[in-house]
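Colleague: Could you take a close look at one part of this model with me? I would like to start from the empty space inside.

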Amino acid sequence: MDTFLIEGGKRLEGSLRVFGSKNAALPEMCAALLTNQPVTLRDVPNLADIKSLRNLLGELGCIGEHSGPAGQAIMRLHTQDESHEKSHARYEIVRTMRASISTLGPMVARRGFARVSMPGGCAIGDRPVDLHLRGLAALGAEITLDGGDITARAPKKGLKGATIFLGGQFGSTVLGTANVMCAATLAKGTTVIESAACEPEIVDLAVMLIKMGAKISGHGSPRLVIEGVDELKGVDHAVMADRIEAGTFMLAAAITNGDITLENCPIDAMLAVKAKLLAMGIHLAVTPGANNNLLRAAVRVTSARTLKPVEFTTQPHPGFPTDIQAQMMATLTLADGNSVITERIFPERFLHVAELSRMGAKLMRQGATVIVSGVKKLVGAPVMASDLRASAGLVLAGLAAEGTTIINRVYHLDRGYEKMEDRLAKLGASIRRVDDKDLPANLTGGAD
Ligand code: EPU
């Protein structure tokens, strides 16, 4: 199994291009099921989840090809078989990648039938899909659960627009909004989604669907209005830049007292993160991209030697994103004072707490809150990656720690960051990917 070997203490300097967003690309790939014309997506990162979804779409009759340079690869998708036999997303693929659930709405809207294995829980929590199903049922789909599969059937005359409240216990749902919005584009009449997710990835998906001929307004606000159309056409769409990757690299600059310029940075989609970084004493100099575009800006990140502590709570967009919580925690372990972190989206998303503690971090968890008492230094140690963002937090800690950090199971990290070690190494980090078989036994991970 691959591991990262990091010698901490190197200051990161240089520039880096932010790659396309995984979480925008995944539902956008599923939207290719809404048309039998070719769909081209640009800037699709080369990640394990993207590959799994391409394979799944292939099984669903939508043939894909992904090629091109790192971070700027092009995904070409073309739905050629829309039969019910080709409308089953099997457990074997769904269990490796939860975003497979995003095939449900497009298939039931276009084909009148979809069968998708029910995703299970994962390292960050239970992750139910009740809101997805409630939304599709409100459009008239008949939903049944059989043998672990969700089956959705549209009435003979197709789905019908409706007013749907999509709020849940923890706020809105990102992929649930994507599913219902996609389905509503082909439903008869008007759909109103209240408490829709406002995440930039949903806005990017709406922009793509509008280019395909969908009639959508209100994207970026909690009230989405969709007028159904008979058909959608093919599209050529550039996926937005990854705000979570950008935030992770900003914190890599901060934790190493570095000086990094991020090109293609979606700073306008990161205002909550920006506000906290400024409060920590991190400097951000923003130069808008072409045509004053703040979703493709250049941002120079420099950091004060001493970071200030902050308090934050993860929330749906435009609040602070849960996907940057672990990386912030890692960085705040070295701040001068006490920080308070509360997780409101996935209250169990704290697997990194125990691993950071192994590196000398002083953390006290109570329920969904962690108090971070800043320490003078972290010390390298063998640690275990658990979920994608927790792993990114451990990498940041390793970059700043004294001595060697070994991060086991980096396949978690590979699900969301393309060539992370190469890109950090280009900025001056001492980081290598090695096979754990080549490490001494005392440095590899423990039990499952
Ligand atoms: N929820 C429900 N019922 C549902 C759906 C969600 O109760 O039917 C709850 C969840 O349990 C959670 C909250 O609502 O407490 C928000 O979950 P959401 O549905 O918004 O999450 P998601 O759409 O499954 C996406 C990202 C996650 C990111 C979350 C929150 C993708 C592929 N995944 O998941 O990204 O953390 O939104 O912003 O877009 C990651 O990239 O590391 C990652 C986990």
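How do the residues of the lining of the largest cavity divide into nonpolar, polar and charged?

Modeller: Happy to. Please keep in mind that this is a predicted model. The lining of the largest cavity divides into eight nonpolar residues, two polar ones and one charged one. A search of the whole structure turns up one cavity of 30 Å³ or more, and the volume of the largest cavity is about 50 Å³. Going along the chain, the lining begins with Arg-243, continues through Ala-269, Met-270, Leu-271, Ala-272 and Val-273, and is completed by His-317, Pro-318, Gly-319, Pro-321 and Ile-324. Helix H9, residues 271-279, gives the largest share of that lining, with three residues.

Open space can be set beside this enclosed one. The second largest pocket has a volume of about 430 Å³. Its lining counts 21 residues, and Ile-255, Asn-257, Arg-305, Leu-334 and Lys-376 are those that lie nearest the centre of the pocket. Helix H8 (243-255) and helix H12 (388-400) are the elements that give two or more residues to this lining. By residue class, the pocket lining has nine nonpolar, six polar and six charged members.

From empty space we can turn to packing. In soluble globular proteins, nonpolar side chains tend to be buried together. Here the largest nonpolar core holds 73 residues, and the members that touch the most others are Leu-41, Leu-104, Leu-139, Leu-159, Met-181 and Leu-209. Helix H6, residues 174-185, supplies the largest share of this core, six residues. Leu-139 makes a good place to zoom in: leaving aside residues up to four places away in sequence, Leu-139 touches Leu-159, Lys-160, Gly-161, Ala-162, Ile-164, Val-180, Ala-183, Ala-184 and Thr-191. Another core, of 70 residues, lies apart from that one, and includes Ile-244, Ala-252, Val-299 and Leu-378.

Lastly, the cysteines. The search of the whole structure finds zero disulfides. For Cys-62, the nearest cysteine sulfur belongs to Cys-30 and is 9.0 Å away, whereas a disulfide needs the two sulfur atoms within 2.5 Å. Cys-62 counts as buried because its relative accessible area is 0%, and the cut-off for buried is under 20%. Cys-198 is in no disulfide either, with the nearest cysteine sulfur, that of Cys-182, 17 Å away. Cys-198 is also buried, since its relative accessible area is 13%.

How values were computed: Residues are numbered from 1 along each chain as its sequence is written. This is a predicted model: local features need pLDDT of at least 70, side-chain atom pairs count only at pLDDT 80 or more; totals for chains, interfaces and linings use all residues. Side-chain values use heavy atoms; hydrogens and water are left out. On a 1 Å grid over the protein atoms alone, a cavity is a set of points where a 1.4 Å probe fits but cannot get out, and a pocket is an open set with protein on both sides within 12 Å along at least five of seven lines; lining residues have an atom within 4 Å of a point. Grid points are joined across faces, edges and corners, and a volume is the space filled by probe spheres set on the points. Helices (H or I, at least four residues) and strands (E, at least two) are DSSP runs, numbered from the N terminus. Ala, Val, Leu, Ile, Met, Phe, Trp, Tyr, Cys and Pro count as nonpolar, Asp, Glu, Lys and Arg as charged, and the others, Gly among them, as polar. Buried means under 20% relative accessible area, exposed over 50%, partly exposed in between (1.4 Å probe, protein chains only). A nonpolar core is a set of buried Ala, Val, Leu, Ile, Met, Phe, Trp, Tyr and Cys residues joined through side-chain atoms within 4.5 Å. Contact means heavy atoms within 4.5 Å.
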